[in-house]
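Here's a quick tour of a few helices and how they sit against one another. Have a look at the picture first, then read on.

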Amino acid sequence: MKTKKVLTANLKPGMVSCEAAYTSSNHLVIQSNTTLTLDIIDKLKYYAIRSIKVYVPEIDENVSPEQDTALEGTAPDIEGLTYFERIQQSEQFIEFKDSVTQSVENFKEQLNDIVTKDNISGICDDMLHEVDTILSKSRNSLHLLDMLQCLRGFDDMTYMHSMNVALICSVIGSWSGFPKEEMKVLLLCGLLHDIGKLKIAPDIIQKPGKLTEFEFQQVRSHPMLGYEILRPKKLDNRIKLAALQHHEKFNGKGYPRGLTGPEISNFSSIVTVADIYDAMTSNRVYRRGICPFKVIETLEKEKDLYEPSILYLFMKRTIEAYINTEVLLSNGEKGKVVLLNQSMLSRPIVIAGKKTYDLSKDTSVDIDALI
Ligand SMILES: [Fe+2]
């Protein structure tokens with residue numbers, strides 16, 4: 001059977017590799033003769049493997065037109081990649097990803113030490129150092145959020161999730177102008193918010209399918225369990241409250257206590273926004289070709305659940321980064337975001353050729369993807 005080199009960005013599920021693929025540090029990512037799935041393709045992207053050789057059926061009718069144009073030579077090169085694929089191919093992202101992978105390894109140990117040890121101030125300093133190392137790999141807050149989205153495709157375990165939430169908290173904290181000492185507290189709120197999950201059986205936490213009522217109640221107990229772990233420790237009270245309150249909702253519809261707006265600590269509310277943003281962007285539905293406008297649209301629909309000033313600041317600053325970005329509209333046209341609608345951030349004004357779409361008024365057209 002013939003073989004051809006295909007850019008990772010153009011691989012399709014069902015193609016079969018005809019050679020093994022290795023990372024730059026020579027770790028095996030896939031064997032030869034592997035039938036590709038979306039997860040495997042994500043894995044290749046994660047390790048920044050630019051292309052692999054796949055088998056091509058001899059008889060042309062077995063190759064779909066889509067597969068055919070994916071072959072290197074006829075496929076678009078780096079300029080043909082999407083917004084997030086271009087980030088994934090950048091050297092800065094590869095460095096960032098290595099740094100996060102290493103930090104999450106260290107963080108696993110540190111988080112477990114927090115549960116078992118009494119004197120934890122040294123561990124907290126070490127954790128903050130890990131966050132600083134990751135932050136130093138990104139140019140600015142928005143670049144950090146973009147790179148975090150590109151890291152998707154891996155198991156979103158408690159550790160990775162907690163690190164992500166801390167990094168997103170750092171973005172919100174810096175946009176809020178928090179001084180350094182407050183930032184440290186906020187980062188620890190993010191790092192430790194889900195620590196209660198370490199007390200729950202991993203097979204429940206990692207269960208992919210629907211939870212039984214018992215399992216559901218177990219998972220819902222993690223804020224209380226986290227608070228119990230942190231309560232006797234010498235820590236800023238806001239860190240303990242973030243563990244306890246990060247599933248409370250501004251409208252009182254959260255748990256464990258059903259607290260409402262002013263009863264919830266401000267730092268807990270920041271963790272809640274960071275937590276939901278991470279959950280949404282790690283959701284499988286969003287993973288491929290994630291579109292920030294769709295994420296913001298969901299947050300706008302759920303706005304009653306979150307502290308309004310934190311949510312608005314986060315949404316506005318996040319979406320402002322995409323002014324002047326090329327987008328693909330749901331009617332197939334390509335355009336450019338030119339202006340935001342302050343009351344409907346997910347539906348900006350887009351110019352496509354000679355047409356101007358005010359998406360806040362024209363609801364028949366959506367932004368499907370960044371290009
Ligand atoms: Fe949680």
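Let's begin with a helix and its neighbours. The buried residues of α16 pack against four helices: α6 (141–150), α7 (158–175), α13 (266–282) and α15 (292–301). Keep in mind that this is a predicted model.

So what does α16 itself look like? This helix covers residues 308–320, 13 residues in total. From its first C-alpha to its last it reaches 18 Å, close to the 18 Å expected at 1.5 Å a residue.

Which residues of α16 are buried? They are I310, L311, F314, M315 and T318. Looking down the axis of α16, you'd find these buried residues within an arc of 120°, so they line one face of the helix. There's a general pattern to recall here: an α-helix has 3.6 residues a turn, so residues three or four places apart point the same way. On the other side of α16, P308 and S309 are exposed.

Now for α13, which takes part in two of the helix crossings described here. This table puts them next to each other.

| Helix pair | Axes come within | Crossing angle |
|---|---|---|
| α13 and α16 | 9 Å | roughly 40° |
| α7 and α13 | 9 Å | roughly 125° |

With its angle of roughly 125°, α7 is oblique to α13. The helices α13 and α16 are oblique to each other too. As for handedness, the crossing of α13 and α16 is right-handed, and α7 also passes α13 in a right-handed crossing.

Which residues meet where α13 and α16 come together? On the α13 side they are S269, I270 and V273, and on the α16 side I310, L311 and F314. Those three α16 residues are among the buried ones listed above.

The meeting of α7 and α13 has its own cast. From α7 come H161, N164, V165, I168, C169 and I172. They meet I270, V271, V273, A274, D275, Y277 and D278 in α13. If I270 and V273 sound familiar, that's because both also take part where α13 meets α16, so to speak.

One last stop: H222, in helix α11 (residues 222–230). Is H222 buried or exposed? H222 is buried, with 23 other C-beta atoms within 10 Å. Leaving aside residues up to four places away in sequence, H222 touches D194, G196, K197 and I200. The C-alpha atoms of H222 and K199 are separated by 7.7 Å, though these residues are 23 apart along the chain.

Methods:
Residues numbered from 1 in each chain as written. Predicted model: local features only at pLDDT ≥ 70, side-chain atom pairs only at ≥ 80, totals over all residues. Helix = DSSP H or I, 4+ residues; strand = E, 2+ residues; numbered from the N terminus. Expected span 1.5 Å × (residues − 1). Buried ≥ 20, exposed ≤ 12 C-beta atoms within 10 Å, placed from the backbone. Arc of directions from axis to C-beta. Contact = placed C-beta atoms within 7 Å. Axes fitted to C-alpha atoms, helices over the stretch in contact; angles between N-to-C directions. Parallel < 35°, antiparallel > 145°, perpendicular 65-115°, else oblique. Left-handed = near helix turned anticlockwise from the far one by under 90°.
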